[in-house]
Amino acid sequence: QVQLVESGGGLVQPGGSLRLSCAASGSIFSLYTMGWYRQAPGKQRELVATITSGGSRNYADSVKGRFTIDRDNAKNTVYLQMNSLKPEDTAAYYCRISRIGIGGYWGQGTQVTVSS
């Protein structure tokens with residue numbers, strides 16, 4: 001069975017950094033797009049960043065220049081490096097892997113709280 005295990009969330013002060021990891025198992029995902037979504041209380045889940053199988057990256061305007069997404073296909077892992085964190089980045093962050101015509105999977109979510 002496919003499983004996505006997230007790690008790296010936690011409590012951090014404004015201006016700090018966190019690195020999220022999402023390790024996928026149960027298949028080979030080199031042809032899948034990998035990405036991160038987040039959902040704050042009372043708000044819709046929103047796209048944060050994606051990276052395609054070819055390495056093309058896209059970011060939400062709110063995180064551009066502060067967050068970096070990367071992947072290691074040998075480890076079936078996607079990362080989200082988050083720098084210069086702001087209180088408005090506080091949310092549950094969800095890993096997503098997907099491929100058009102095939103389907104996709106969600107991680108369990110990891111909480112990121114930015115507060116002084």
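Is A24 buried or exposed? With a relative accessible area of 8%, A24 is buried, because that value is under the 20% limit for burial. The structure discussed here is a predicted model.

## Overall composition and dimensions

The chain holds 0 helices and 11 strands. Read from the N terminus, its elements therefore form an unbroken β series, β-β-β-β-β-β-β-β-β-β-β.

A compact globule of 116 residues would have a radius of gyration near 13 Å, and the chain agrees, because its own value is 13 Å. Along the principal axes, the C-alpha atoms fill a box of roughly 40 × 25 × 25 Å. Of the 116 residues in the chain, 38% are buried. The exposed surface amounts to about 6,200 Å², of which carbon and sulfur atoms supply 47%. When contacts between residues at least 6 apart in sequence are considered, 54% join residues at least 24 apart.

## The four-stranded sheet

Four strands form an open sheet in the order 1-3-8-7, and their pairing is antiparallel. Strand 1 (3-7) and strand 7 (67-72) occupy the edges; each has a single partner strand, so one side of each is left without a neighbour in the sheet. From one strand to the next, the twist averages 15°.

Strand 7 pairs with strand 8 (residues 77-82) in the antiparallel sense, over 6 bridges. Within this pairing, D72 has T77 of strand 8 as its bridge partner.

## The surroundings of A24 and N76

A24 belongs to strand 3 (residues 18-25). Leaving aside residues up to four places away in sequence, A24 touches Q3, L4, F29, K75, N76 and I97. For G54, the separation from A24 is 30 residues in sequence and 18 Å in space, C-alpha to C-alpha.

N76, one of the residues that A24 touches, is placed in the loop between strand 7 and strand 8. N76 is buried, with a relative accessible area of 11%. Its phi is positive, at about 50°, although N76 is not a glycine.

## A second positive phi: S84

Another loop residue calls for attention in its backbone geometry. S84 lies in the loop between strand 8 and strand 9 (91-99). The phi of S84 is near 50°, a positive value in a residue other than glycine.

Which accessibility class does S84 fall into? S84 is partly exposed, because its relative accessible area of 42% falls between the limits of 20% for buried and 50% for exposed. N76, by contrast, is buried at 11%.

## T110 and its contacts

T110 is located in strand 11 (residues 110-114). The residue is buried, with a relative accessible area of 12%.

Which backbone atom does the side chain of T110 reach? The side chain of T110 comes to 3.4 Å from the backbone nitrogen of G9. G9 also appears among the contacts of T110, which include E6, L20, A91, A92 and Y93 as well, not counting residues up to four places away in sequence.

Technical notes:
Residues numbered from 1 in each chain as written. Predicted model: local features only at pLDDT ≥ 70, side-chain atom pairs only at ≥ 80, totals over all residues. Heavy atoms only, no water. Pairing = 2+ DSSP bridges. Helix = DSSP H or I, 4+ residues; strand = E, 2+ residues; numbered from the N terminus. Axes fitted to C-alpha atoms, helices over the stretch in contact; angles between N-to-C directions. Buried < 20%, exposed > 50% of the residue type's maximum accessible area, 1.4 Å probe, protein only. Polar contact = N/O pair within 3.5 Å; in protein donor to acceptor, adjacent residues only side chain to side chain. Contact = heavy atoms within 4.5 Å. Rg over C-alpha atoms; globule rule 2.2 N^0.38 Å. Areas by Shrake-Rupley, 256 points an atom, 1.4 Å probe, with all protein chains shown as cover.
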